[in-house]
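User: I would like to learn how to read the internal spaces of a model, and which stretches of chain surround them. Could we work through one case together?

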Amino acid sequence: METLIKNISQHIKLSPEEISIFKSFWTERTLEKGEFLLRNGEVCRHDSYIVSGVLKAFCINADNGNEEILFLAIDHWWATDIASFSKQKTSIYNIQAVEKTRLLQISHQSFQKMLEEIPSLEKYFRIILEGYLGTLEKRVVFNHMYKAEQKYYDFLETYPNIASRVPQYLIASYLGVSAEFISRIRKKNKSS
């Protein structure tokens with residue numbers, strides 16, 4: 001819980017009373033490697049903050065059966081299907097643990113009640129959503145305008161902690177390239 005409160009305090013100030021109220025809304029959950037947080041077709045009932053671990057969000061490509069990675073999330077990041085959670089409609093993708101993952105979770109109903117009781121949290125969650133939207137916009141631009149090698153190097157620079165913790169094939173899927181392509185880039189870098 002302290003890591004989440006520390007994360008929030010980087011953006012807004014909560015009083016000791018607000019912190020106490022805040023803590024009352026959250027529950028802890030642990031996912032084992034391979035366990036699903038959310039499956040396609042389910043309603044996302046909880047927003048999840050990663051205390052430690054790695055999650056992947058993905059869809060299954062109907063044409064070839066491959067996983068298409070939408071996002072990878074590590075310690076101190078949020079992992080949820082925002083549309084499913086906010087509208088309480090079915091999800092269009094899956095979220096699964098890549099390694100054992102500890103989460104803090106809040107239900108949709110509790111989330112709404114928490115925002116009513118601590119209005120300053122609206123600002124915090126707006127900041128988080130703005131950051132997420134900026135990341136999505138950058139990804140769209142990079143996917144349309146950058147060559148595969150440029151996308152890979154940008155990923156390494158932007159997300160060094162993810163690159164060191166997830167299998168190469170997940171990074172490849174996220175970037176829309178083959179795992180063999182990433183192997184070739186890595187070999188090229190080692191030889192130069």
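Analyst: To say which part of the chain borders a space, we first need named elements: helices (H or I, at least four residues) and strands (E, at least two) are runs taken from DSSP and numbered from the N terminus. This is a predicted model, in which local features need pLDDT of at least 70 and side-chain atom pairs count only at pLDDT 80 or more, while totals for chains, interfaces and linings use all residues. Residues are numbered from 1 along each chain as its sequence is written, and side-chain values use heavy atoms, with hydrogens and water left out.

User: How many cavities of 30 Å³ or more does a search of the whole structure find?

Analyst: In general, on a 1 Å grid over the protein atoms alone, a cavity is a set of points where a 1.4 Å probe fits but cannot get out, whereas a pocket is an open set with protein on both sides within 12 Å along at least five of seven lines, and lining residues have an atom within 4 Å of a point. Points are joined across faces, edges and corners, and the volume is the space filled by probe spheres set on them. Here the search finds 1 cavity of 30 Å³ or more, and the largest cavity holds about 150 Å³ of space.

User: Which elements give two or more residues to the lining of the largest cavity?

Analyst: They are α5, α6 (148-158) and α8 (168-175), with α5 giving the most, at 5 residues. Among the lining residues are Thr135, Lys138, Phe142, Asp154, Tyr159 and Leu175. Counting Ala, Val, Leu, Ile, Met, Phe, Trp, Tyr, Cys and Pro as nonpolar, Asp, Glu, Lys and Arg as charged, and the others, Gly among them, as polar, this lining divides into 5 nonpolar, 3 polar and 4 charged residues.

User: Where does the largest cavity lie with respect to domain 1 and domain 2?

Analyst: Domain bounds come from an automatic or database domain assignment. Domain 1 (1-145) and domain 2 (147-191) both contribute residues to the cavity lining, so the largest cavity lies between them.

User: What volume does the largest pocket have?

Analyst: The largest pocket has a volume of about 920 Å³. Of its 35 lining residues, Trp78, Ile82, Ile128, Leu129 and Tyr132 are the closest to the centre. Two or more lining residues come from each of β5 (67-74), β6 (78-79), α3 (82-87), α4 (108-117) and α5 (121-145), and α5 gives the most to this pocket, with 11 residues. The pocket lining divides into 21 nonpolar, 10 polar and 4 charged residues.

User: Why does the largest pocket lie between domain 1 and domain 2?

Analyst: The largest pocket lies between domain 1 (1-145) and domain 2 (147-191) because both give residues to its lining.
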